[in-house]
Amino acid sequence: MKNFMTRGVQTGIKAFFLSSVLGVSAALLPALAQPAMADSVAMGGEDSLMGYWLSQDHDGVFKIEKCGETVCGRLIGLRYDGTDVPKGHDGKTECNLLMLTDFRPLKDEKNKWEGNILDPDSGHKYDARIWSPQSGVLKLRGYLGLPIFGETQTWTRYSGPPMGPVCKMP
C-alpha cells in the first residue's frame with residue numbers, strides 16, 4: 001500500500017478501515033487515515049462539533065455541520081498531487097463527499113456521539129463514535145459491531161486558509 005500522503009485521503013481511509021474496523025494491526029499498515037471529529041462533545045453540546053477539522057495526518061479537512069436532526073461531515077479538503085481529484089469506489093470525486101452521517105448523542109455515555117463513517121474505497125458504512133476530550137481536539141473511533149473492535153483517531157480544529165479549486169488543500 002502506498003504512503004497515505006502520496007495517494008491522498010482514499011488510501012488513508014482504506015488503511016483506517018483495515019486497521020480500526022477489521023482489526024488489522026497498525027504495525028502492518030504503512031499509513032492510516034485519521035478521521036475524528038468535534039470539540040462540542042467536551043462541552044456536552046453539538047455546537048462545538050461544528051466547523052472545520054483537520055485529519056490526524058493533515059491530509060484531509062472535514063466540515064462538520066447540522067444535517068436535519070443529526071450531525072454530519074463532508075470531506076472538503078484533500079492533499080493530492082496534480083489535478084486529478086481522488087475518486088471513490090464508484091468513480092465519483094471525493095470532493096465534498098458526505099462521509100460522516102447520522103451522528104446522535106449517546107444516552108448512556110455522556111458527551112459522546114454515535115453515527116456512521118463511509119469508506120469511499122468500498123462504499124461500506126461502519127459504526128463510529130466521536131467525542132472531544134478538550135477544546136480544539138476531536139476523537140473518532142471507527143469500529144465494526146462493538147467499539148472494542150476499533151481504533152481511535154485524533155483530529156484538530158482547522159484554522160488554515162480556504163481550500164483551493166476542487167477541494168485541493170493549500
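# A barrel tour, one selection at a time

Start with the whole chain as a surface: about 8,000 Å² is exposed, and carbon and sulfur atoms supply 54% of that. Those areas come from the Shrake-Rupley method with a 1.4 Å probe, and for residues only the protein chains shown count as cover.

Before you click further: this is a predicted model, with residues numbered from 1 along each chain as its sequence is written. Local features need pLDDT of at least 70 and side-chain atom pairs pLDDT 80 or more, totals for chains, interfaces and linings use all residues, and side-chain values use heavy atoms, with hydrogens and water left out.

**Cartoon view**

Switch to cartoon and color by secondary structure. You should find three helices and eight strands, in the order α-α-α-β-β-β-β-β-β-β-β from the N terminus. These are DSSP runs numbered from the N terminus: H or I over at least four residues for a helix, E over at least two for a strand.

Now show only the strands. They make a closed barrel, E1-E2-E3-E4-E5-E6-E7-E8, with antiparallel pairing. From one strand to the next, the twist averages 30°. The angles run from 0 to 180 degrees between N-to-C directions of lines fitted to C-alpha atoms (for helices, over the stretch in contact). Two strands count as paired if DSSP finds at least two bridges between them. As background, strands of a sheet pair through backbone hydrogen bonds, either parallel or antiparallel.

**Where the barrel closes**

Select residues 51-54, which is E1, together with E8: the two pair in the antiparallel sense over two bridges. Label Leu54, whose bridge partner in E8 is Thr156.

Next, add residues 137-143 (E7) and keep residues 150-157 (E8) on screen; this antiparallel pair has seven bridges. Leu140 stands opposite Gln153 in E8, and the partner of Tyr143 is Gly150.

Stay in E7 and pick Gly142. Gly142 is buried, at 0% relative accessibility. Buried means under 20% relative accessible area, exposed over 50%, and partly exposed in between (1.4 Å probe, protein chains only). Draw a distance from the C-alpha of Gly142 to that of Tyr126: 6.8 Å, for residues 16 apart along the chain.

**The E7-E8 turn**

Six residues sit between the strands of this hairpin, and Gly145 among them has a positive phi near 85°. Leu146 is in the same loop between E7 and E8. Show Leu146, Ile148 and Phe149 as spheres: they form a nonpolar surface patch with about 350 Å² of accessible area together. Patches take residues with over 30% relative accessible area and no salt bridge, joining nonpolar side chains (Val, Leu, Ile, Met, Phe, Trp, Tyr) within 5 Å and like charges within 9 Å.

**Charged pairs**

Which residues are linked in a network of salt bridges? Put Glu109, Lys112, Glu114 and Arg129 in sticks and you have it. The rule is a side-chain nitrogen of Lys or Arg within 4 Å of a carboxyl oxygen of Asp or Glu, and it gives five salt bridges.

Go through the network pair by pair. Glu109 and Lys112 have their closest N and O atoms 3.5 Å apart; Glu109 is partly exposed at 27%, and so is Lys112 at 23%. Glu114 and Arg129 come to 3.2 Å. Glu114 is in E5 (residues 112-118) and Arg129 in E6 (residues 125-131), so this bridge ties together parts 15 residues apart in sequence. Glu114 is partly exposed at 27%, while Arg129 counts as buried at 13%.

For another salt bridge, select Arg74 and Glu65, with closest N and O atoms 4.0 Å apart. Arg74 is partly exposed at 32%, as is Glu65 at 24%.

**Two backbone oddities**

Open your Ramachandran plot and find Asp102 in E4 (residues 97-105). Asp102 has a positive phi of about 60° although it is not a glycine, and it is partly exposed at 38%. Then jump to Asn111, in the loop between E4 and E5. Asn111 is not a glycine, yet its phi is positive too, about 70°. Asn111 is partly exposed at 25%.

**Zoom back out**

Color the whole chain by accessibility to finish: of its 170 residues, 47% count as buried. If you have a contact map handy, look at residues at least 6 apart in sequence: 47% of their contacts join residues at least 24 apart. A contact here is heavy atoms within 4.5 Å.
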